[in-house]
Amino acid sequence: MSRRHAAAASMALFDGAALATVAPRYVAGVDEAGRGPLAGPVAVAAVVFCPDRPRLNGLDDSKQLTALRRDQLFDKIQDRALAFHVVMVEVGEIDALNIYQATMLGMRRAVEGVSHVAQFARIDGNVVPKGLPCPAQALVGGDALDRAIMAASILAKVTRDRFMLALHEEHPEYGFDQHKGYGTPAHLAALRSHGPCPQHRRSFAPVRACFEVV
């Protein structure tokens, strides 16, 4: 990679206008769950740990943990965190904005929810959302590298999974308890048989294709 390209790649990962000159003590880790599913909200969480408190053991990318382990860590993270905030961006906003912009909106809201303590935000991914209340860095693969991002990934995943389990009680015909809204063959078959429910994302092609199905 040329120096020019390397510099451009580096700049893409930072909100360069506001990088702190001194390493911040209170960093918000930010991650989301549910960008890909055909139904339900996208959940975004921000978590700030105090560096002076004992570390919470067992953190990892939520996708690498069992549902039981995520549930066990869910309460411990909230206990140990200096601050945390979880937001759900609803289907109406996803369809109005598109899933990318809805996720960026959720990240801004999540960071705003911890902005009373967060001096800096570290975002899982390769984009820093615009309009954050503090300086920020995007970290590719951050949910496997940064403990606060790991914690945020767990809070977001558990919160969204619990929402989808409750949604299953309202609409058991779709099997949301099994696939959590992802486009599995069973989910697509249920869409073709029953058509979309109010929690299906009309802006997603498989849902649009089934919209007229009765």
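Me: Where in the predicted model does Asp 146 lie?

Reply: In this predicted model, Asp 146 is placed in the loop that links β5 (136–139) to α5 (147–170).

Me: Why is Asp 146 called buried?

Reply: Its relative accessibility is 12%. The term applies under 20%, so Asp 146 counts as buried. Not counting residues up to four places away in sequence, Asp 146 touches Arg 122 and Leu 139.

Me: What makes α2 and α5 oblique to each other?

Reply: Helix α2 (residues 67–80) packs with α5 at an angle of about 120°, and their axes are 9 Å apart. Angles from 65 to 115 degrees count as roughly perpendicular, and those over 145 as roughly antiparallel. The angle of about 120° belongs to neither class, and α2 and α5 are therefore oblique to each other. Their crossing is left-handed.

Me: Which residues of α2 and α5 meet?

Reply: From α2 come Arg 70, Asp 71, Leu 73, Phe 74, Ile 77 and Gln 78; from α5 come Ala 151, Ile 154, Leu 155, Lys 157, Val 158, Thr 159, Asp 161 and Arg 162. By class, the residues of this contact between α2 and α5 are seven nonpolar, two polar and five charged.

Me: Why is Leu 56 described as buried?

Reply: Leu 56 has a relative accessibility of 5%. The limit for the term is under 20%, and Leu 56 therefore counts as buried. Leu 56 sits in the loop between β2 (42–48) and α2. Leaving aside neighbours within four places in sequence, Leu 56 is in contact with Leu 73, Lys 76, Ile 77, Arg 80 and Arg 147.

Me: How far apart in space are the C-alpha atoms of Leu 56 and Ala 151, given their 95 residues of separation along the chain?

Reply: The C-alpha atoms of Leu 56 and Ala 151 are separated by 9.5 Å.

Me: How do you know that Ile 123 is buried?

Reply: The relative accessible area of Ile 123 is 0%. Since buried means under 20%, Ile 123 is buried. This residue belongs to strand β4 (residues 120–124). Neighbours within four places in sequence aside, Ile 123 is in contact with Val 30, Met 107, Pro 129, Leu 132, Gln 137, Ala 138, Leu 139 and Ile 149. Between the C-alpha atoms of Ile 123 and Ala 46, which are 77 residues apart along the chain, the separation is 9.0 Å.

Me: What makes Phe 204 a buried residue?

Reply: At 14%, the relative accessibility of Phe 204 meets the requirement of under 20%, so Phe 204 counts as buried. Phe 204 is found in the loop between α7 (185–194) and α8 (205–210). Residues up to four places away in sequence not counted, Phe 204 touches Arg 35, Gly 36, Pro 37, Leu 38, Ile 94 and Ile 99. Phe 204 and Asn 98 are 106 residues apart in sequence, yet 9.0 Å apart in space, C-alpha to C-alpha.

Me: Why is Asn 98 called partly exposed?

Reply: Asn 98 has a relative accessible area of 38%. Buried would require under 20% and exposed over 50%, with partly exposed in between; Asn 98 is therefore partly exposed. The residue lies in the loop between α3 (91–97) and α4 (99–112). Asn 98 has a positive phi of about 95° although it is not a glycine.

Me: Is Lys 180 buried or exposed, and what is its phi?

Reply: With a relative accessibility of 15%, against a limit of under 20%, Lys 180 counts as buried. Its phi is near 55°, a positive value in a residue other than glycine. Lys 180 has its place in the loop between α6 (176–179) and α7.

Me: How many disulfides does the model contain?

Reply: The count comes to zero disulfides, where the cut-off is a pair of cysteine sulfur atoms within 2.5 Å.

Me: Why are Cys 134 and Cys 197 called buried?

Reply: Cys 134 has a relative accessibility of 8% and Cys 197 one of 3%. Both values are under 20%, so both residues count as buried.

Me: What secondary structure does the chain have, and how much of the chain is buried?

Reply: The secondary structure comes to eight helices and five strands. From the N terminus on, the elements run α-β-β-α-β-α-α-β-β-α-α-α-α. Buried residues make up 45% of the 214 residues in the chain.

Terms used. Residues numbered from 1 in each chain as written. Predicted model: local features only at pLDDT ≥ 70, side-chain atom pairs only at ≥ 80, totals over all residues. Heavy atoms only, no water. Helix = DSSP H or I, 4+ residues; strand = E, 2+ residues; numbered from the N terminus. Buried < 20%, exposed > 50% of the residue type's maximum accessible area, 1.4 Å probe, protein only. Contact = heavy atoms within 4.5 Å. Axes fitted to C-alpha atoms, helices over the stretch in contact; angles between N-to-C directions. Parallel < 35°, antiparallel > 145°, perpendicular 65-115°, else oblique. Left-handed = near helix turned anticlockwise from the far one by under 90°. Nonpolar A, V, L, I, M, F, W, Y, C, P; charged D, E, K, R; others polar.
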